[in-house]
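Trainee: Could you take me closely through the charged side chains that pair with one another in this model, and then set them against the rest of the picture? I would like one connected account, with the reasoning spelled out where a classification depends on a cut-off.

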Amino acid sequence: MRIASVADFREAARRRLPRFLFDYIDGGSYAEVTLRRNVADLAEVALRQRVLRDVSALDLSTEILGQKLALPVALGPVGLSGMYARRGEVQAARAAQAAGVQFTLSTVSCCSLDEVAARTDRPIWFQLYITKDRGFTREMLARAAGHGCPVLFFTVDLPVPGSRYRDVHSGLHAPPGPASQARRLLQALGKPGWAWDVGVRGRPHSLGNVAHLFDRQTNLLDFLKWSANNFDATLTWKDIEGLRASWPGRFVIKGILDPEDARAAADAGADGIVVSNHGGRQLDGVISTARALPAIADAVGDRLAILADGGVRSGLDVVRMLALGADGVLLGRAWAWALAAEGGAGVARLLEIIEAEMRVAMALTGTTKVSGMDRSILA
Ligand code: FNR
């Protein structure tokens, strides 16, 4: 099947990946209410059709957090991407850079910051989780600064991990032991294309930024255990001030869903926020980002850069997020599916599709520039 949409990439990823990995990407927490709301509320946002306004020359470029981007879009942090395709973070980062779009590396990536930095042309953005092990946090900050990462995303909506039923059913989060291991192995054996690409050609495997914390070769379970034990529920706004002071570049807080918290982020000296509920993977039942965004934009839109994510499945959705008040949009599952389906070429194709869809939406809302995509294009 020729890929025409994000939905096609999802289907191709479902066919290619072992079930435990597809479900890890695709799933949300608990009953997945917020995950569905993110998609449905965004799709419901109606655009205002305008005609006869000379839309022959469209400019999709923009500047966000001091960086020129070809599109108001970036690849957001998605953990374990090196499991979806061989050296997945490197492939995705290179595809993004070739398209003039930024790539954000997750703390919990398979390829380390050093590897991705060495194999890309320009500095990438980096996402940090503060761990109980503050030595690790300090070390990651120093490494990111050393590689010239211009922007740090600090993710704050994970003081405790949300429970995802699908990961329990698939064997990813089942109690460790031979039974769940056998289930994952069986799923992997049923996907020879993936097993050859990632399992064989993707060697050596490691868990990038955290690998050196273990005294032997890390595996997925070591990592999941480390991360579950290391999220720090004691963090407060005071820690943010300290972190802000110790980071030389732009500082973005990811995981804001409330205008009061958005104001606190601006007061703490953040240069930007990401309006996000972690793609419906944390507290199920919270509102969608599409619904949260307008009030947050009203509260702090003139004080810092606003990025948004959650449920973006097309270029039209990017335009909708901009119309609701975002300056830029992070893609999450969309790029993970594209990477799983077709590697870096898939991510490149995804960005072409997003751009083409944005162009149609701009032309038919009578908008020629990114700055024109505001509430005036909402019906
Ligand atoms: C994520 N997300 C995420 N966020 C983050 O700050 N650090 C991380 O390591 C991860 N890891 C991660 C893995 C997977 C498989 C997914 C799907 C998501 C959240 C991500 O950055 C983003 O907020 C959501 O994915 C946005 O929602 P959509 O677009 O995927 O619906």
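Mentor: Asp-26 has a relative accessibility of 6%, and because buried means under 20%, this residue counts as buried. Please keep in mind throughout that the model is a predicted one. The side chain of Asp-26 meets that of Arg-166 in a salt bridge, with 2.9 Å from N to O. This pair links distant parts of the chain, since Asp-26 belongs to helix H2 (residues 19-26) and Arg-166 to helix H7 (residues 165-170), 140 residues apart. The two partners fall into separate classes of accessibility, for Asp-26 is buried, whereas Arg-166, at 22%, counts as partly exposed. Nor does the pair stand alone: Asp-26 and Arg-166 belong to a network of salt bridges that also includes Arg-10, Arg-19, Asp-23 and Glu-32.

As background to such pairings, side chains of opposite charge can pair when their charged atoms come close. In this model the count of salt bridges comes to 23, and two further examples deserve a careful reading. In one of them, the side chains of Asp-197 and Arg-16 meet at 3.9 Å, N to O. Here again distant parts of the chain are linked, with Asp-197 in helix H9 (residues 192-200) and Arg-16 in helix H1 (residues 6-16), 181 residues apart. The distance deserves attention, because a salt bridge requires the nitrogen to lie within 4 Å of the carboxyl oxygen, and the value for this pair is 3.9 Å. Asp-197 is buried, at 10% relative accessibility, while its partner Arg-16 is partly exposed, at 27%.

The other example joins Arg-244 to Asp-271, whose closest N and O atoms are 2.8 Å apart. Arg-244 sits in helix H11 (residues 237-246), and Asp-271 in the loop between helix H12 (259-267) and strand S8 (272-275), so this salt bridge ties together parts that are 27 residues apart in sequence. In this pair the arginine is the buried partner, since Arg-244 has a relative accessible area of 17%, and Asp-271 is partly exposed, at 25%.

Asp-317 is another acidic residue worth a look, although I turn to it for its position rather than for a pairing. Asp-317 lies in helix H14 (residues 315-324) and is buried, with a relative accessible area of 5%. Its C-alpha atom is separated by 9.2 Å from that of Glu-357, a residue 40 positions away along the chain.

Charged residues also appear around the ligand. The shell there consists of 22 residues, the closest being Pro-77, Ser-106, Thr-155, Asp-309 and Arg-333. By class, the shell divides into seven nonpolar, 10 polar and five charged residues. Where the atoms themselves are concerned, a backbone N or O atom of Pro-77 lies 2.7 Å from an oxygen atom of the ligand. The side chain of Ser-106 likewise places an N or O atom 2.7 Å from a ligand oxygen, and for the side chain of Ser-276 the corresponding value is 3.3 Å. Of the 610 Å² of accessible area that the ligand has on its own, the protein covers 99%.

What of covalent links between cysteines, and how many disulfides are there? A disulfide is a covalent bond between the sulfur atoms of two cysteines, and in this model the count is zero. For Cys-110, the nearest cysteine sulfur is that of Cys-111, 6.7 Å away; because a disulfide needs the sulfur atoms within 2.5 Å, Cys-110 is in none. Cys-110 is buried, at 7% relative accessibility. Cys-149 is in no disulfide either, its nearest cysteine sulfur being that of Cys-111 at 15 Å, and Cys-149 is buried too, with a relative accessible area of 5%.

Finally, the backbone has some features to note in the loops. Arg-203 and Pro-204 are joined by a cis peptide bond, with omega at about -5°, and Pro-204 is placed in the loop between H9 and helix H10 (220-230). Tyr-30, though not a glycine, has a positive phi of about 50°; this residue lies in the loop between H2 and helix H3 (33-44) and is partly exposed, at 36% relative accessibility. Asp-54, also a residue other than glycine, has a positive phi near 45°. Its place is in the loop between H3 and strand S1 (62-64), where Asp-54 counts as exposed because its relative accessible area is 60% and the cut-off is over 50%.

Terms used. Residues numbered from 1 in each chain as written. Predicted model: local features only at pLDDT ≥ 70, side-chain atom pairs only at ≥ 80, totals over all residues. Heavy atoms only, no water. Helix = DSSP H or I, 4+ residues; strand = E, 2+ residues; numbered from the N terminus. Buried < 20%, exposed > 50% of the residue type's maximum accessible area, 1.4 Å probe, protein only. Near = heavy atom within 4 Å. Polar contact = N/O pair within 3.5 Å; in protein donor to acceptor, adjacent residues only side chain to side chain. Areas by Shrake-Rupley, 256 points an atom, 1.4 Å probe, with all protein chains shown as cover. Nonpolar A, V, L, I, M, F, W, Y, C, P; charged D, E, K, R; others polar.
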